[in-house]
Every structure is written in C-alpha cells, then in structure tokens.
Amino acid sequence: MAQSKDAARKRFEAENKIETIDPDLIYKYDQDKHETIREEGSWRTANQPFKKVKISAVALLKMVMHAKSGGRIEVMGVLQGKLIDSETFVVLDAFALPVEASETRVNAQAQGDEYLVNYLSSAEMVGKSENAIGWYHSHPSYGCWLSGIDVGTQKLQQKQGPWVAIVVDPIRTVSSGKVELGAFRTYPESYKPAESSQQWQSIPLDKIEDFGVYANQYYPLEVSYFKSSLDEHLLNLLWNKYWVNTLSSNALLSNRDYFASAIGDVSEKLEQAESQLQHSGRMGMSSQDKKKEENQLSKVTRDATKTAIEQVNSLMNQVIKDQLFNFEKGKPNSGGVLGK
C-alpha cells in the first residue's frame with residue numbers, strides 16, 4: 001500500500017510537472033521588495049503586466065481537495081504569496097472561504113470579507129506575513145475560464161492591487177488524472193484585444209454564450225508548479241488524505257452525471273453543426289463559411305475524443321484497483337470492476 005501511495009504521488013507530480021527547487025530561492029519573503037513592486041504602478045496601466053504564476057504543490061493540493069469537496073457546487077478561496085518580479089505571482093498557500101454558489105454565480109464579497117480579514121490577521125500573528133495575492137474558485141465539469149460575474153469580480157479586485165484569478169475544475173481533474181487549472185487576469189477597461197487569447201477547451205453548449213461574450217476581456221497566465229524539501233512533511237499529510245479519497249472513489253460512478261452530460265452535449269453540438277451545414281448547402285457556401293463550419297466540426301470531434309479518453313482512463317483505473325485489491329492467487333476474479 002505504501003509503495004502504491006508513493007508511486008501515485010510521483011505520477012501526480014510528473015503529470016503536473018511539479019519541479020523541486022531550492023527553498024531559499026522561493027520561500028524567503030521580502031516585504032519591502034513585494035511592496036516596491038506593488039507601489040511601482042506599472043501593473044495599473046500595462047495591458048498584460050503579469051504573465052506567469054508559480055504555484056506550490058501544497059497550495060495546489062489544497063485547492064484541488066477543496067474544489068473536490070464541493071462536488072457540483074462552486075467553492076471559493078484566497079491565495080497567499082508574493083511577487084518576485086514585475087510579471088510573476090508566486091502562490092505559496094491557499095485557504096478556503098466559507099462561501100459557495102452554483103453554476104457561474106460566485107460572488108464572495110459580502111460573505112467572505114470578514115473571514116478573510118480575520119484569517120490574514122491570525123496568520124500575521126503567527127509569523128506568516130505573505131499577502132493575499134488572488135482568489136480561486138471551482139467550475140465543476142465546465143472548464144477553466146471566467147464567467148461574466150468572475151470578470152466583474154476580478155476587475156474590481158485588480159483596481160486595489162496586483163491580483164490573480166485561478167479556476168479549478170475538480171470533475172475533469174478526477175476524470176483525466178491531471179489537474180485542470182487556469183490562471184487569469186482581466187485587461188484594462190480601455191484595452192480591446194484584436195482577438196481572444198483563449199486556447200481551445202471543451203465548453204458545454206449551455207455555457208458557450210457566457211464564455212464567448214467575455215473571452216476577450218481577460219487573458220491566461222503561464223502556470224507552473226514547484227515543491228521543496230520544506231514542503232515534504234506537509235505534502236505527506238495532505239497526500240495521505242488525498243490518496244485515500246482517490247483510492248476509495250470510482251470515477252466511473254462519481255462522474256457518471258458528468259459523462260452523460262458530456263455525451264449529450266457532443267450530440268447536441270453535432271446536431272447543431274449538421275443543421276448549419278444543411279442550411280449553408282441550400283443557401284450556397286463561401287470559402288470563409290466553409291472554413292468556419294469545418295472548424296466547428298473539428299472542435300466537436302475534439303470534445304468527443306476528450307470524453308472518450310476520460311472514460312477509458314477511468315475504466316483502466318478501476319481495472320487496476322480491482323486487480324490490486326480483489327485478486328486472490330489461484331482463484332478467478334469473480335467480482336470484476338463492473339460487478340461491484
């Protein structure tokens with residue numbers, strides 16, 4: 001069991017590309033340097049002043065576990081860390097806020113402020129002086145992007161100081177095995193990009209409109225993960241809890257609603273694409289329209305492929321667990337994955 005746990009943790013770190021670093025390079029907190037970068041002010045006027053986010057493995061696990069505990073309900077928390085230069089956030093820790101919502105309606109301004117102030121005051125009393133540098137929340141099963149309300153919340157916070165928004169999808173994380181996470185900042189009000197900088201991702205049909213309307217009002221940041229020898233004890237404690245929860249769960253069962261919804265979503269998108277193709281065929285299609293239709297079909301194909309791969313991965317995980325824990329030497333395995 002211990003070997004399986006260690007192997008799973010190594011795989012988790014490899015899949016999410018968690019690098020081991022010298023603790024003195026990242027954990028030494030310089031309040032004066034942080035305040036100098038903050039007060040410099042270039043982040044107030046530049047269109048894309050911050051470009052990178054470095055996240056500790058401890059903070060990553062905390063966010064994933066909190067997001068997973070919320071199930072289909074959105075949860076939210078705050079990021080603690082520092083600025084190491086004029087374009088890089090470093091997230092050293094994360095803590096949950098007593099706030100929950102549904103769908104894309106997360107707004108913790110009223111409920112979370114008092115808790116946030118009390119938590120930061122208590123942290124400072126015990127010598128933990130890192131500032132709040134952003135917030136995170138979950139998007140269960142519908143990807144990592146900012147909704148209209150998220151954009152409004154982020155714009156409000158960015159006026160106060162350097163601030164980053166992180167979105168975690170716990171359902172897709174369980175399905176794929178790799179953490180589904182995105183970090184974002186909004187553009188200044190006066191800036192309008194030529195086109196959206198968002199890369200392809202599978203968006204449910206009922207969320208596409210909200211995604212599309214606001215997609216050109218924010219941009220993604222490059223995300224990387226790190227750990228050090230100072231994290232080892234805390235990481236072990238967190239991983240023991242995460243590992244037990246992961247080991248005892250069945251992704252095929254816990255995510256059955258997600259898989260059913262994803263398959264239904266692909267079906268609706270195909271019907272929509274077919275209807276548009278038939279309409280275009282009757283009306284005549286220009287080369288530009290043809291390219292647009294082919295692009296739409298390619299996106300549906302990628303959505304379908306992604307869903308199929310996630311289901312196969314979930315089934316393979318269950319087969320492996322079944323062989324590890326239910327197999328008796330000399331006896332046929334009568335239970336099987338699907339027999340439970």
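These legends describe close-up views of a predicted model.

**Figure 1. The whole chain holds 13 helices and 9 strands.**
The protein chain has 340 residues, and 44% of them count as buried. Its accessible surface comes to about 18400 Å². Carbon and sulfur atoms account for 53% of that surface. Now take the contacts between residues at least 6 apart in sequence. Of these, 78% join residues at least 24 apart.

**Figure 2. The largest nonpolar core has 37 residues.**
In soluble globular proteins, nonpolar side chains tend to be buried together. Which residues have the most contacts inside this core? They are Ile55, Leu60, Met63, Leu79, Ile166 and Leu181. Several elements each supply at least two residues of the core. The strands among them are β2, β3, β4, β5 (131-138), β6 (164-168) and β7. The helices are α5 (57-69) and α10 (232-248). Helix α5 gives the largest share, with 9 residues.

**Figure 3. Ile55 has many contacts beyond its neighbours in sequence.**
This view leaves aside neighbours within four places in sequence. Ile55 is in contact with Leu60, Met63, Ile166 and Leu181, among others. Those four are also listed with the most contacts inside the largest core. Val91 and Val223 are further partners of Ile55. So are Ser224, Tyr225 and Phe226. A second, separate core has 21 residues. Leu116, Ala132, Ala215 and Tyr218 are included in that second core.

**Figure 4. Phe50 and Phe89 form a tilted aromatic pair.**
A search of the whole structure finds 6 aromatic pairs. A pair of aromatic rings is described by the distance of the centres and the angle of the planes. For Phe50 and Phe89, the centres are 4.4 Å apart and the planes stand at 35°, so the pair is tilted. Phe50 lies in the loop between α4 (42-45) and β2 (52-56). Phe89 lies in strand β4 (residues 88-101). The pair therefore ties together parts that are 39 residues apart in sequence. Are these two residues buried or exposed? Both Phe50 and Phe89 are buried.

**Figure 5. Tyr187, Tyr191 and Tyr219 form one aromatic cluster.**
The rings of Tyr187 and Tyr219 have centres 5.2 Å apart. Their planes are at 35°, so this pair is tilted. Where do the two residues lie? Tyr187 is in the loop between β7 (181-186) and α9 (208-214). Tyr219 is in strand β8 (residues 218-220). The pair thus ties together parts that are 32 residues apart in sequence. Tyr187 has a relative accessible area of 6%, so Tyr187 is buried. Tyr219 is buried as well, at 2%.

**Figure 6. Lys82 is buried yet has no salt bridge.**
Lys82 sits in strand β3 (residues 74-85). Which side chain of opposite charge is nearest to Lys82? It is Glu130, 7.4 Å away. A salt bridge needs the charged atoms within 4 Å. What does Lys82 contact, leaving aside neighbours within four places in sequence? Its partners include Ile26, Tyr27, Lys28, Tyr29 and His34. Thr88, Phe89, Val90 and Ile133 are also in contact with Lys82. Phe89 appears in Figure 4 too, paired with Phe50.

**Figure 7. Lys17 and Ser141 each have a positive phi.**
Most residues other than glycine have a negative phi. Phi of Lys17 is near 55°. Phi of Ser141 is near 80°. Lys17 is in the loop between α1 (2-15) and β1 (18-20). Ser141 is in the loop between β5 and α7 (148-158). Which of these loop residues is buried, and which is exposed? Lys17 has a relative accessible area of 67%, so Lys17 is exposed. Ser141 counts as buried, because its relative accessibility is 9%.

**Figure 8. Helix α7 is mostly covered.**
How many of the 11 residues of α7 are buried? The count is 8. Among them are Gly148, Val151, Thr153 and Lys155. Gln154, Gln157 and Gln158 are buried too. Asp150 also belongs to this helix. Asp150 has a relative accessible area of 0%, so Asp150 is buried. The C-alpha atoms of Asp150 and Val167 are separated by 9.8 Å. Along the chain, these two residues are 17 residues apart.

Notes: Residues numbered from 1 in each chain as written. Predicted model: local features only at pLDDT ≥ 70, side-chain atom pairs only at ≥ 80, totals over all residues. Heavy atoms only, no water. Helix = DSSP H or I, 4+ residues; strand = E, 2+ residues; numbered from the N terminus. Buried < 20%, exposed > 50% of the residue type's maximum accessible area, 1.4 Å probe, protein only. Lys, Arg positive; Asp, Glu negative; His and termini not counted. Contact = heavy atoms within 4.5 Å. Phe/Tyr/Trp six-rings, centres within 6.5 Å; stacked < 30°, edge-to-face > 60°. Core = buried A, V, L, I, M, F, W, Y, C linked by side-chain atoms within 4.5 Å. Areas by Shrake-Rupley, 256 points an atom, 1.4 Å probe, with all protein chains shown as cover.
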